[in-house]
Amino acid sequence: MSHVVPGGPSSGGPRFCASCGSPLSAGSAFCPSCGTRVTAAAAPPRRRSGVPFAVVVSVLVACLVAATAVAVALFGRQSGTAAAVTTATVSAATATPASTPSSTSARPTSTSLSELYARVNSGVVRIETSTCDGGSIGTGFLIAPNLVATVAHVVEDSAALSLTAGDHGSGGTTSGVVVGIDSQADLALIRTSRSLDGHVFTIAAHDPAVGQQVGAIGFPEGEPMTLTTGIVSGLDRTVSIEGVDRVGLIQTDAAINPGNSGGPMMTEDGRVYGLIDAKRTDASGIGYAVSPRVASSRFAAWHGKTRSVVSADCDFPEAPPNLAGGDLTPPGSDPRADAVADTFATYFHAINTADYETAWRQLSPKLRGPSSSSLARGDATSFDTNVVLHDVSFPTSTTARAHVSFTSLQSSDKGPDGDVCDVWDLDYTLAEHGGAWLIDTVRGHGGGATHATC
């Protein structure tokens, strides 16, 4: 982040619902199948107080896997778009219990899963990425304090990662790098920049038994952490997507949605019996998880890796426009404070969506420089989360002072001192120009340091 101020669809063809994949007619305001509102990308609200962004991620956060030889829509990461339509074949192998089922005894109760959720949710990780097509939100879970397991389509082609552990971020936020990825098996392993506080999960050595009750934890549609429950419906399923056979999948009727991908599917003993991966949308209660047998071997092979194996193939990757966390609600009732909050909301939204021209225009003429290109170069991989407007004051009728803190994620070549995650605590001075409040100077809060490594 070398810039002056630290900071973080259709082309005329068919359209598809970003939530369920159904075709949309021209001018549709709502999806005829699921009722989801169809909207174009919009400017952010002034106040970001943790309202998440419903992002449909690639190949699937909830991939559309239809019945034998039927159409499947593969969602792109950018909200409101659907990728090419292809065909998929689902092969249902015999639903035979695992050879060493450890849970064919008493059926677990919802109470046991409730208690389990309270015990383990601190180790579930919300993953937010910046990518070339608009960023994604998915789920992962700790298998070591500095290792996060997830599925490949959540993190492939990412430029930067935000990793937040636990319900409401209780385990902290940091960044990380993808040190192992297998797109065919749809698995990935992330090494965090620093250890996260939270429950460390154990992956089972074998598949679960058919009929065994399971719980899935994740962030469906980018919502806060959610637990859904169901049973194992079948084993050893094969799904062919775009000519690639995905084998050995576990079928479940637990409710899963975009954002759940990569989250743990576990039993009452707390062990992970699959990574949530896909669902069919032409039927109810048919979802899939990657087998723990497949996942265990891949993660073991990648355990000691440290170098990133993914990158974004574009100059200016984007993050999800509305990230979890933060509060830009101005304190007090002065209407001028609302205008100051608008400036920061516009600025940080523009940084996260790689709209550097708009971000540049939130700077005063003194601070801008000749063009937005230097700001773009410095912030090319950055995105900012947990933006909080702590205080606004007005020393004169034409100047404002604002205390703002936020967390920035960026590739190491763009971060101060090679950092990939920094917590910023800043005092901004804004100047009034033609009715707008523009950022004029910035320094560390109270004259202190501007930032600290996450």
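1. With -100° about the S-S bond, the link between Cys132 and Cys314 is left-handed, and the sulfur atoms of this disulfide lie 2.2 Å apart. The structure is a predicted model, and the values in this note should be read accordingly. The bond ties together distant parts of the chain, 182 residues apart, since Cys132 sits in the loop between strand E6 (124-131) and strand E7 (136-144), while Cys314 sits in the loop between helix H3 (292-302) and helix H4 (335-352).

2. Are the two cysteines of this link buried, partly exposed or exposed? Cys132 has a relative accessible area of 34% and is therefore partly exposed, given that this class lies between 20% and 50%. Cys314, at 28% relative accessibility, also counts as partly exposed.

3. A disulfide also joins Cys421 to Cys454, with an S to S distance of 1.9 Å, and this link is left-handed, with -75° about the S-S bond. Its partners are 33 residues apart and again belong to distant parts of the chain, with Cys421 in strand E21 (residues 421-433) and Cys454 in the segment after strand E23 (451-453). Both Cys421 and Cys454 are buried. The count of disulfides comes to two, and when the bonded cysteines are numbered in sequence order the pairing reads 1-2, 3-4.

4. Turning to the sheet that contains E6 and E7, this is an open sheet of seven strands in the order E10-E9-E6-E7-E8-E12-E11, with antiparallel pairing. Its edges are formed by strand E10 (172-174) and strand E11 (176-182), each of which pairs on one side only. On average, and with direction ignored, neighbouring strands of the sheet are turned by 30° against each other.

5. Within that sheet, E6 and strand E9 (residues 158-165) run antiparallel and are joined by seven bridges, and Val125 stands opposite Ala165 in E9. Helix H3 packs on the sheet, where it touches E7, strand E8 (147-150), E11 and strand E12 (187-192), and the direction of H3 makes about 40° with that of E12.

6. What is the accessibility of Ile190? Ile190, which is placed in strand E12, has 0% relative accessibility and so counts as buried. Apart from its neighbours within four places in sequence, Ile190 is in contact with residues including Ile127, Leu147, Val148, Val155, Leu161, Leu163, Val177 and Val178. The C-alpha atoms of Ile190 and Lys305 are separated by 9.6 Å, although these residues are 115 apart along the chain.

7. Ile190 is also one of the residues with the most contacts inside the largest nonpolar core, which has 45 residues; the others named are Ile127, Val155, Leu187, Leu275 and Phe299. Leaving aside neighbours within four places in sequence, Phe299 is in contact with Ile143, Ala149, Thr150, Leu187, Ala188, Leu189, Ile203 and Leu275. A second, separate core has 32 residues, among them Ala345, Tyr356, Leu363 and Leu389. In soluble globular proteins, nonpolar side chains tend to be buried together.

8. For the protein chain as a whole, the secondary structure comes to seven helices and 23 strands. Of its 454 residues, 54% count as buried, and the accessible surface comes to about 17500 Å², of which 50% belongs to carbon and sulfur atoms.

Methods:
Residues numbered from 1 in each chain as written. Predicted model: local features only at pLDDT ≥ 70, side-chain atom pairs only at ≥ 80, totals over all residues. Heavy atoms only, no water. Core = buried A, V, L, I, M, F, W, Y, C linked by side-chain atoms within 4.5 Å. Buried < 20%, exposed > 50% of the residue type's maximum accessible area, 1.4 Å probe, protein only. Contact = heavy atoms within 4.5 Å. Disulfide = S-S within 2.5 Å. Helix = DSSP H or I, 4+ residues; strand = E, 2+ residues; numbered from the N terminus. Pairing = 2+ DSSP bridges. Axes fitted to C-alpha atoms, helices over the stretch in contact; angles between N-to-C directions. Areas by Shrake-Rupley, 256 points an atom, 1.4 Å probe, with all protein chains shown as cover.
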